[in-house]
Structure formats: C-alpha cells, structure tokens
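This report goes through one helix, one pocket and two single residues. Please keep the sequence and the model at hand while reading.

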Amino acid sequence: MPEIPAGDVTKGAAIFKQKCTQCHQITTTGVHKQGPNLMGLWGRKTGQAPGFAYTDANKNKGITWGEDTLWVYLENPKKYIPGTKMVFAGLKKKKERADLIAYLRDATQGKI
C-alpha cells in the first residue's frame, strides 16, 4: 500500500465543495445527483448505494471504499474502474487527495 499523507478535513471540505458537489452530495436523505450520494461510502463495496444506477464496471469492481482504495481511485477514476460513468479526471496532487479522503472519511460516516 502506498504511503498516504495525513489529510486536513477542513481543506478536504473545500475541495469537495469545489470539485465534487456538481455531481455528489453527502446527506442522510439518500437522494442522488448525477453521481451517487456518498453518505455511507466508507466501508461500502463499489456500486452499492441504494437507488443509484451504477455501471456494471462499478458493481463488479468488488473493492471496499477506504483510505487505500480511494487513494488510487481519486488519482485517476477511469484507470482504476474502466467503464465508470464518473467524468472527473482525478486529483494528481497527493496533498489534495489526502485532504479530500480525510473529509470523506469523516463526512460519509456522519462525523461532521
């Protein structure tokens, strides 16, 4: 597993707002946007948010979302899951990825 730097939750929240909220939200409503609602993402298998129409690629990837899988995925989503609908090009800067992951870890588990 690659060494993942510590992330800053506050900076990650800003990155989420800037780069992710066009397609995603993190709410307890279960309502999806263009992408799935990310509440409950941490520890969930790919393609499992109830009520979202995932591609077969996402449903069949078979990994569980956590720090290590998000680290690779968020660098280049289409490379990690070929056939995904996600149009986001990825976060190449390691610090930005670490910050976003720190935010996702807390926010998707309802800690903030």
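Which residues of helix H1 (residues 9-19) are buried? In this predicted model, local features need pLDDT of at least 70 and side-chain atom pairs count only at pLDDT 80 or more, whereas totals for chains, interfaces and linings use all residues. Residues are numbered from 1 along each chain as its sequence is written, and side-chain values use heavy atoms, with hydrogens and water left out.

**Helix H1**

The buried residues of H1 are Gly-12, Ile-15 and Phe-16, where buried means under 20% relative accessible area, exposed over 50%, and partly exposed in between (1.4 Å probe, protein chains only). Helices are DSSP runs of H or I with at least four residues, numbered from the N terminus. The three buried residues lie on the same side of H1 because they cover an arc of only 100 degrees around the axis, the arc being that of the directions from the helix axis to the C-beta atoms. They pack against helix H5 (94-107), with contact meaning heavy atoms within 4.5 Å. On the face turned away from this buried side, H1 carries the exposed residues Thr-10, Lys-17 and Gln-18. Lys-11, also found in H1, is partly exposed, with a relative accessible area of 48%; Lys-11 and Lys-93 are 82 residues apart in sequence and 13 Å apart in space, C-alpha to C-alpha.

**Two polar contacts**

The table lists two pairs that involve a side chain and a backbone nitrogen; a polar contact is a pair of N or O atoms within 3.5 Å, one able to donate a hydrogen and the other to accept it, and residues adjacent in sequence count only if both atoms are side-chain atoms.

| Side-chain atom | Backbone atom | Distance |
|---|---|---|
| Asp-8, oxygen | Thr-10, nitrogen | 2.9 Å |
| Thr-46, polar atom | Gly-62, nitrogen | 3.2 Å |

Through the pair in the upper row, Asp-8 caps the N-terminal end of H1. Thr-46 has its place in the loop between H1 and helix H2 (56-61) and is buried, with a relative accessible area of 1%. Leaving aside neighbours within four places in sequence, Thr-46 is in contact with residues including Asn-58, Trp-65 and Ile-81.

**The lining of the largest pocket**

The largest pocket is lined by 29 residues, of which His-24, Gly-35, Pro-36, Tyr-73 and Met-86 lie nearest its centre. A pocket is an open set of points on a 1 Å grid over the protein atoms alone, where a 1.4 Å probe fits, with protein on both sides within 12 Å along at least five of seven lines, and lining residues have an atom within 4 Å of a point. H1, helix H3 (67-75) and H5 each supply at least two residues of this lining, and H3 gives the most, with three residues.
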